[in-house]
Amino acid sequence: CLLYALTVVQCWSKAVYSSDTVFFNSAMTVLDQEDPVETRILRGNVESIFEDLEQEKTCLRMVESLTDAEKETAARSSYKYLKACISGKETNEETRKDFASKMARRHLVAEKGDEKKAIQKMKSTIEYREKMQVDVIRSCFEKKNFKDKEEEELYEEYRVALDRELSAGKLHTRGHDRDKRALNICMTHKYFSFDHEWFMKYNIYTLERAIAVTEEATNGKIEKIISVFDFGQYTAKNQLPMSLSKEISVVLRDHYPERVEKILMIDTPFVFRAFYKLVSIFIDADTKKKIVFVTGEEDKATKVGGFISKDQAMPMLLPDGELVEDLDIKKYLYDVPFDRLC
């Protein structure tokens, strides 16, 4: 389980660029009118998150290399865009490029500026999202007019299975840090059985929900979330099978790059911390900065209290955390919008 958690943060932080700190000003409008890339503005659809103009131009070239169907899937990686499509709001080609370019940027950063490799990874991610039916995963609890009986049955299958897997509260999105990054909470002691297919899909559901909540709360300025692993009551019987650990680690590495800001390891057993000290020499410095081991009340107040307020924290995160009641899973799944906190 510790290996899985460590792999998660390494997979989500392959590059050193920050996706949250550098934004273009709308003053781009004064640039040379003869260059369509330089003069294209995001028109309020999505905040600009590019490192510089050259990075933006590269990302737009990447998007232009995609088919129309691939561009649509890439754009739909943004829940804001998907929601607009589902609600029937009009979208156009420029809006689609705007949102697709955000996926392109994440892959470009993860591949350290290698455009060719980034395009390959982006196309692979698009294929994976179609295969896993990520749009269905994200919207199966929403009220929807189905085009036919087959689609209705598909959504029902996903709704029933995700409800079953998530009802124990082992994985959910709850609370945010002071910059509005959603907290992706993993309660490791609530894992007892593992259905391979739906383990992957409910992990995707929760990850996508944390990303959507962050996107909505920050208007797309911030793309990274906070991942929290609670080991407080963890025992050997909660151990994740190595095959699942490897598979989800590959998925996170290849299809969700540049998505984590920090990973909190709460109340880990001593043997976990000792093992980390042994393997930490093989972990790059940038990744190490993202991993925070937190043990005991004093540690929580010092290491967590600085960036998560008590009204957004469960007691396992902060001694005086105010989210003391168990999460109402039915309300969380069926009543609260996907891009909102319960």
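In this predicted model, Ile263 has Ile291 of strand β5 as its bridge partner. That pairing belongs to the contact between strand β4, residues 260–266, and β5, where four bridges join two strands that run parallel. The side chains of β5 are directed to both faces: Ile291 and Phe293 point one way, Val292 and Val294 point the other way, and all are buried.

From this pair of strands the description may be widened to the sheet. Five strands make up an open sheet, arranged in the order β1-β2-β3-β4-β5, with mixed pairing. Strands β1 (171–176) and β5 (291–294) stand at the edges; each has a single partner strand, so one side of each is left without a neighbour in the sheet. From one strand to the next, the twist averages 25°.

At the β1 edge, the partner is strand β2, residues 182–187; four bridges connect β1 with β2, and the two run antiparallel. Within this pairing, His172 is found opposite Ile185 of β2. Helix α10, residues 196–218, packs on the sheet and touches β1, β2 and β3 (225–230). The direction of α10 makes about 15° with that of β1.

The interior of the model can be considered next. In soluble globular proteins, nonpolar side chains tend to be buried together. Here the largest nonpolar core holds 52 residues, and the members touching the most others are Leu162, Phe199 and Tyr205. Helix α10 gives the most to this core, contributing 11 residues. What does Phe199 contact once its neighbours within four places in sequence are left aside? The residues in question are Tyr191, Phe194, Leu240, Leu244 and Ile248. A second core, separate from the largest one, has 18 residues, including Ile266, Ala313, Met314 and Leu318.

Helix α3 remains to be described. This helix covers residues 53–64, and its 12 residues should span 16 Å at 1.5 Å a residue; the end C-alpha atoms lie 17 Å apart, which agrees. At the N-terminal end of α3, Asp52 acts as a cap, with a side-chain oxygen 3.2 Å from the backbone nitrogen of Glu54. Which residues of α3 are buried? They are Gln55, Glu56, Thr58, Cys59, Leu60, Met62 and Val63.

Note on methods: Residues are numbered from 1 along each chain as its sequence is written. This is a predicted model: local features need pLDDT of at least 70, side-chain atom pairs count only at pLDDT 80 or more; totals for chains, interfaces and linings use all residues. Side-chain values use heavy atoms; hydrogens and water are left out. The expected span of a helix is 1.5 Å times one less than its number of residues. Buried means under 20% relative accessible area, exposed over 50%, partly exposed in between (1.4 Å probe, protein chains only). A polar contact is a pair of N or O atoms within 3.5 Å; within protein, one must be able to donate a hydrogen and the other to accept it, and residues adjacent in sequence count only if both atoms are side-chain atoms. Two strands pair if DSSP finds at least two bridges between them. Axes are lines fitted to C-alpha atoms, for helices over the stretch in contact, and angles run from 0 to 180 degrees between N-to-C directions. Contact means heavy atoms within 4.5 Å. A nonpolar core is a set of buried Ala, Val, Leu, Ile, Met, Phe, Trp, Tyr and Cys residues joined through side-chain atoms within 4.5 Å.
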